[in-house]
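Got your viewer ready? Let's take a walk through the open and enclosed spaces of this protein, one selection at a time.

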Amino acid sequence: MAGIISFHCARCGRERASAPALTTCQCGGPLWADYDIETVRDGFRMESLAGRDQDLWRYREMLPRCEPVRLGEGFTPLLKACRAGKPLGLPNLWIKDESRNPTGTFKARGSSVAVSAARAAGVKALAIASAGNAAASLSAYAARAGLEAHCYVPDDTPRIVLEEVKAYGGRLYLVEGPLSEAGKKLRADLPEHGWFDISTFREPFRLEGKKTMGYELAEQMAGNLPDWILYPTGGGMGLMGLWKSFGEMEKLGWIDARRPRMVAVQASGCAPLVQAFEKGAKEASPWGRPDTIAVGLRVPVCAVSDLLLKILRESGGSAVAVEDGEIRRASLTLSRQEGIGASPEGAATLAALQILRERGDVRESERVVLFNTGWGGKYVDSLGPPE
Ligand SMILES: Cc1ncc(COP(=O)(O)O)c(C=O)c1O
C-alpha cells in the first residue's frame, strides 16, 4: 500500500508498520492510516483536482494505492436547502446528498476502498456484521471485484435491504437480536472459514473511504468548511472519517485549524452516545434493544464511543436524539420542500437541527451541513405511506 507509510492506533497511539491485511490495534482501538503528506503536499492541491475522475478516487494521493473497485462512488452533490432552511431561520443550510451513491448510501465509499485494498492483499472472501446497508454495499462491491461476501445481519433488518444483499450475490446469515449479536456470531464463525472481517473498525480502509466526504465538502465549499455538521451516527465511521479528513487537509494546507462543530444525531430508540454526552461520561454504555425506523442507527454498542465523544467535545459540538415521529416529519419536509428522498437516518439530522435551533445553539448567520446518508426509497415499508 505505497502512499500509506504506517498506521497508528487512534486510541493508544501505538504505531504499526504498513501491512496489507490489518485488523485492529492490540488494545482494540481502530487503526488510522498515515500518509507521507510532506511528499504529496506540493502536487496535491485543491486547484489541481478539476480534470480528475468524478468519484472519490480523485483524492488518490490520500488513499491506499491499489487498483480501485469502482461503481461511481462519491462526488455527491452539496445541495443548498433554502425551503427547508426558511422555517428554521437558516439561510445557509446545505444537504450533502449521499443517497446518490451506488446501492443508495454513503456505505459505498467505505466498501469501494476496503474491497479494493482487500483484493490487492489477496483476500478472496469478505465477511461483515451490519445493520443492513453496509452489507448491501459490500455485496455489490464484492460482486464487482469477483469476491465472496458473507453478511451477518439482525433478523429484523428491512426486507428490501435483505433482498438487496441477495440480489448482489451476498450470502445472508440472519441473527436473532441486535447488531452486537450479529457481530458475536460472525466472530465465532470466522476462524473456521478464514474470511476477512470488514465490519466497522475491524480494518482501517473503510474509514479511508468515508473520510473522502470531508475532502469533497472542502472542495465544494472552496476550503471554507461549515460552522456545523450534523451526521447520523451509529457505529461512528462517518463522523470519524470526516474528522480524520480535517486533520489531513490541514496538514495539506487545504484548510486552517478551525473545525466545524460536529453533532452526532441518533434516534431516541437507540441513543447511547447522546446519553453519554449528556451525562458527561467518557464512553457510552450499551443500549438495550434498539427501537427505531432508522435502521443504520440501531447500533447498541459503539466500539469507539470514547473517541467519538472526544471529537464532539473538542469541536464544541453536541449529540442529539430525535423521535421516530420527528424523523417521519423531517423526511416529508425534505421530499416535499426540497425534492430529496431522505433515509430516516438522513432525515433525523433535519429533526435534530430543529432542536438545536430551538435551544439557540445554532445561530441564524451560521452555515450548516446535514448529511443525508441514504436513499428514502429503501425504507418505504418502515417510513409508511405519506400523511
Ligand atoms: C443510512 C445510514 N446512515 C447512517 C448510518 C450510521 O453510520 P455510522 O455507522 O458510520 O455511524 C448508517 C449505518 O448503517 C446507515 O445505513
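Start with the elements around the largest pocket of this predicted model. Select strand 6 (125–129), helix 4 (133–145), helix 6 (179–193), helix 7 (205–210), strand 10 (228–232) and helix 9 (237–252): each gives at least two residues to the lining of that pocket. Helix 6 supplies the largest share, four residues. The space they border comes to about 660 Å³. To find its centre, show Leu179, Thr200, Gly234, Gly235 and Val299, the closest to it of the 40 lining residues.

Now colour by domain. Domain 1 (78–102 + 207–383) and domain 2 (106–205) each contribute at least three residues to the lining of the largest pocket. Switch to colouring by residue class, and you will find 17 nonpolar, 17 polar and six charged residues in this lining.

**Along helix 9**

Keep helix 9 selected and add strand 3 (31–35) and helix 11 (305–314); each of the three supplies at least two residues to the lining of the second largest pocket. Which element gives the largest share of this lining? Helix 9 does, with seven residues. The pocket has a volume of about 410 Å³. Centre the view on His8, Trp32, Trp243, Lys244 and Gly247, which lie nearest its centre among 19 lining residues. By class, that lining has ten nonpolar, two polar and seven charged residues.

Before leaving, look at how the two helices meet. Helix 9 packs against helix 11 at an angle of about 55°, their axes 10 Å apart. Because of that angle, helix 9 counts as oblique to helix 11. The crossing of the two is left-handed.

**Into the enclosed spaces**

Two cavities of 30 Å³ or more are present in the structure. For the largest, with a volume of about 70 Å³, select Ala131, Pro154, Asp156, Thr157, Gly177, Pro178, Leu179, Arg289, Pro290, Val295 and Arg298. Leu179 should look familiar, as one of the residues closest to the centre of the largest pocket. The cavity lining splits into six nonpolar, two polar and three charged residues, with at least three drawn from each of domain 1 and domain 2.

Last stop: Lys107, Ser111, Ile128, Ala134, Leu138, Ile198 and Arg206, which line the second largest cavity. Helix 3 (107–120) and helix 4 are the elements that give two or more residues to this lining. The space inside is about 40 Å³, and its lining comprises four nonpolar, one polar and two charged residues.

Technical notes: Residues are numbered from 1 along each chain as its sequence is written. This is a predicted model: local features need pLDDT of at least 70, side-chain atom pairs count only at pLDDT 80 or more; totals for chains, interfaces and linings use all residues. Side-chain values use heavy atoms; hydrogens and water are left out. On a 1 Å grid over the protein atoms alone, a cavity is a set of points where a 1.4 Å probe fits but cannot get out, and a pocket is an open set with protein on both sides within 12 Å along at least five of seven lines; lining residues have an atom within 4 Å of a point. Grid points are joined across faces, edges and corners, and a volume is the space filled by probe spheres set on the points. Ala, Val, Leu, Ile, Met, Phe, Trp, Tyr, Cys and Pro count as nonpolar, Asp, Glu, Lys and Arg as charged, and the others, Gly among them, as polar. Domain bounds come from an automatic or database domain assignment. Axes are lines fitted to C-alpha atoms, for helices over the stretch in contact, and angles run from 0 to 180 degrees between N-to-C directions. Angles under 35 degrees count as roughly parallel, over 145 as roughly antiparallel, 65 to 115 as roughly perpendicular and the rest as oblique. A crossing is left-handed if the near helix is turned anticlockwise from the far one by less than a right angle, and right-handed if clockwise.
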